[in-house]
Amino acid sequence: MRVQDGVPSSLILQLFLLLFLLCLYRSHSIPLNAMAPDISPTADPQPFLPLLAPSPLTPFTTGILPTLSGLCRLNFSAAESIMMVTATDCWASFAPYLANVVCCPQFDATLMILLGQYSKSSGVLNLNATNASHCLSDFEKILESQGANSNLRKICSIHPANLTEASCPVVDVNKFESIVDSSKLLAACGKLDHVNECCHQVCQNAILDAANKIAMNGTSRTLPVNSTVDDCKNIVFRWLANKLDPSSANGVLRGLSNCKVNRVCPLVFPEMKNLTAECGHTRSNQTSCCKAVESYVAHLQEQSFITNLQALNCAASLGMRLQKANVTQNVYDLCHINLKDFSLQVGSQESGCLLPSLPSDVTYDKTSGIGFICDLNDSIEAAWPSASFVPAGSCNQTTKLPALPAATSAQSGLYMDLMFPCLVISFMTALNLLA
């Protein structure tokens, strides 16, 4: 009998089965008309919000305030509702799997909002190194007490330096507004068009212009290095969070981060020697090639949930790597690889979950528990990249993808979503115990 950290593997298996049966019983004990959207063969399918964590696997909140340093100058109560959203988006077990798309963008946005609110009383858009360390620690403690993962600093690669000015020379609010055209910046970013911003970059261009100006400190000297401009962009974000209410600022910051998120593939591609060996010949055996492809993709499926646009980029990235390794045949078509095969697999039929391309949050209520929007039904074939490939994004929609996923039919959508919560929560809980 295998034992890891004092926990017998047989006990882990028993716990997994118990959690699954408990979850499945609860799913079937709730009236279906209370769980599912109104989907009929003649009606347009509606987005479905899966139930992922029925009680007792709901976010753990002690109701007792954590012990804070007493040395942080940030007013956490000024963004209390946003911090609750962050704690739910970064809920303990799901944070590593939702880090790239949901948790870390929300974590970053909340810090920007707290600094923006702080600047209303302090007049500056930064913290010094010492205060930044205390504040980040207090911030994590509060989120953890509300059910968030206890290791967010590592998961999201956030350091106290992220709360300082870094290399940006302008942090004073009055000086910022004497250099930057504030009305122009607010007009461009005050209300973000989440659908078109990533393409037209109205707000992004205004932020870059403002960041360049404060990076040069209002002078006409040559343009600064990119690292300084990036640091000054963070100052601009904080200034926007000063001028907008926390909810509006959160929407703007999440929308901007989503443009960046959807441009790249977040997956790490392991060594592909076996894959290229089986598929690298023009007359390779189809069975052995597809077996190698499926084995390789299975490793990618263990990493994280990704958006539909990220899936396009991941499929293209892997395809280009294979082409460079002399795999010339379209193995996606040969082996029936779909976009959802690149995301975390869930459900009894091991179907991939693609998150929406627009910003979304994890939701929580006392009855249903934790849930998030997930597409289990779209089976869009992965495209084998051509020489003219450009990364997928809002401006390159050669493949039509839904901004928000919807069930394709009452039967398949409902069945998948009932099974999804039971398997995923049981599986992830068992993984945490084994880690």
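Gln-201 is partly exposed in this predicted model, with a relative accessible area of 28%. The residue sits in the loop that joins α9 (197-200) to α10. Its backbone is noteworthy, for Gln-201 has a positive phi of about 55° although it is not a glycine. Most residues other than glycine have a negative phi. A second residue of this kind is Asn-326, whose phi is positive at about 70° although it, too, is not a glycine. Asn-326 belongs to the loop between α15 (308-324) and α16 (331-334). Is Asn-326 buried or exposed? Its relative accessibility is 56%, and therefore it counts as exposed, the cut-off being over 50%.

From these two loops one may turn to the chain as a whole. The protein chain holds 17 helices and eight strands. Of its 435 residues, 49% count as buried. Among the contacts in the chain with a separation of 6 or more, 81% are made by residues 24 or more positions apart.

The interior is best approached through its nonpolar cores. In soluble globular proteins, nonpolar side chains tend to be buried together. Here the largest nonpolar core has 64 residues. Those with the most contacts inside it are Leu-74, Phe-107, Phe-139, Phe-176, Leu-185, Ile-207 and Ile-214. Several helices each supply at least two residues of this core, namely α3 (80-89), α4 (95-122), α5 (129-145), α7 (173-179), α8 (182-189), α10 (202-215), α11 (226-243) and α12. Which helix gives the most to this core? That helix is α4, with twelve residues. Apart from this core lies another, of 32 residues, which includes Cys-265, Leu-300, Leu-312 and Leu-339.

One of the helices that supply the largest core, α3, may be examined in its own right. Its buried residues are Ile-82, Met-83, Thr-86, Ala-87, Thr-88 and Asp-89. What covers them includes the helices α4, α5 and α12, together with the strands β7 (363-365) and β8 (369-371).

Leu-185, named above among the residues with the most contacts inside the largest core, also offers a view of its surroundings. Leaving aside neighbours within four places in sequence, Leu-185 is in contact with Phe-176, Val-180, Gly-190, Ala-206, Ile-207, Ala-210, Val-236, Trp-239 and Leu-240. Leu-185 also takes part in the lining of the largest cavity, alongside Val-180, Asp-181, Lys-184, Ala-206, Asp-209, Ala-210 and Lys-213. This cavity has a volume of about 60 Å³, and the structure holds three cavities of 30 Å³ or more. Both α8 and α10 supply at least two residues of the lining of the largest cavity, and the largest share, four residues, comes from α10. The lining divides into four nonpolar, no polar and four charged residues.

The largest pocket contains about 1100 Å³ of space. It is lined by 33 residues, of which the closest to its centre are Asp-108, Asn-234, Phe-237, Ser-257 and Lys-260. The helices α4, α10, α11 and α12 each supply at least two residues of the lining of this pocket. The most is given by α4, with nine residues. In character, the residues of the lining of the largest pocket divide into 19 nonpolar, eight polar and six charged.

Helix α12 can be followed further through Leu-256, which is placed in it. Leu-256 has a relative accessible area of 9%, and it is buried because that value falls under 20%. Beyond its neighbours within four places in sequence, Leu-256 is in contact with Leu-192, Glu-197, Cys-203, Gln-204, Ile-207 and Phe-237. Leu-256 and Pro-105 are 151 residues apart in sequence, yet 9.5 Å apart in space, C-alpha to C-alpha.

The path ends with Asn-262, which is placed in the loop between α12 (246-261) and α13 (273-279). Asn-262 has a relative accessibility of 5%, so it counts as buried. With which residue does a polar atom of the side chain of Asn-262 lie 2.8 Å from a backbone oxygen? The partner is Ser-357, whose backbone oxygen lies at that distance from the side-chain atom of Asn-262.

Note on methods
Residues numbered from 1 in each chain as written. Predicted model: local features only at pLDDT ≥ 70, side-chain atom pairs only at ≥ 80, totals over all residues. Heavy atoms only, no water. Buried < 20%, exposed > 50% of the residue type's maximum accessible area, 1.4 Å probe, protein only. Polar contact = N/O pair within 3.5 Å; in protein donor to acceptor, adjacent residues only side chain to side chain. Core = buried A, V, L, I, M, F, W, Y, C linked by side-chain atoms within 4.5 Å. Contact = heavy atoms within 4.5 Å. 1 Å grid on protein atoms, 1.4 Å probe; cavity = no way out; pocket = protein on both sides within 12 Å on 5 of 7 lines; lining within 4 Å. Points joined across faces, edges and corners; volume = space filled by probe spheres on them. Nonpolar A, V, L, I, M, F, W, Y, C, P; charged D, E, K, R; others polar.
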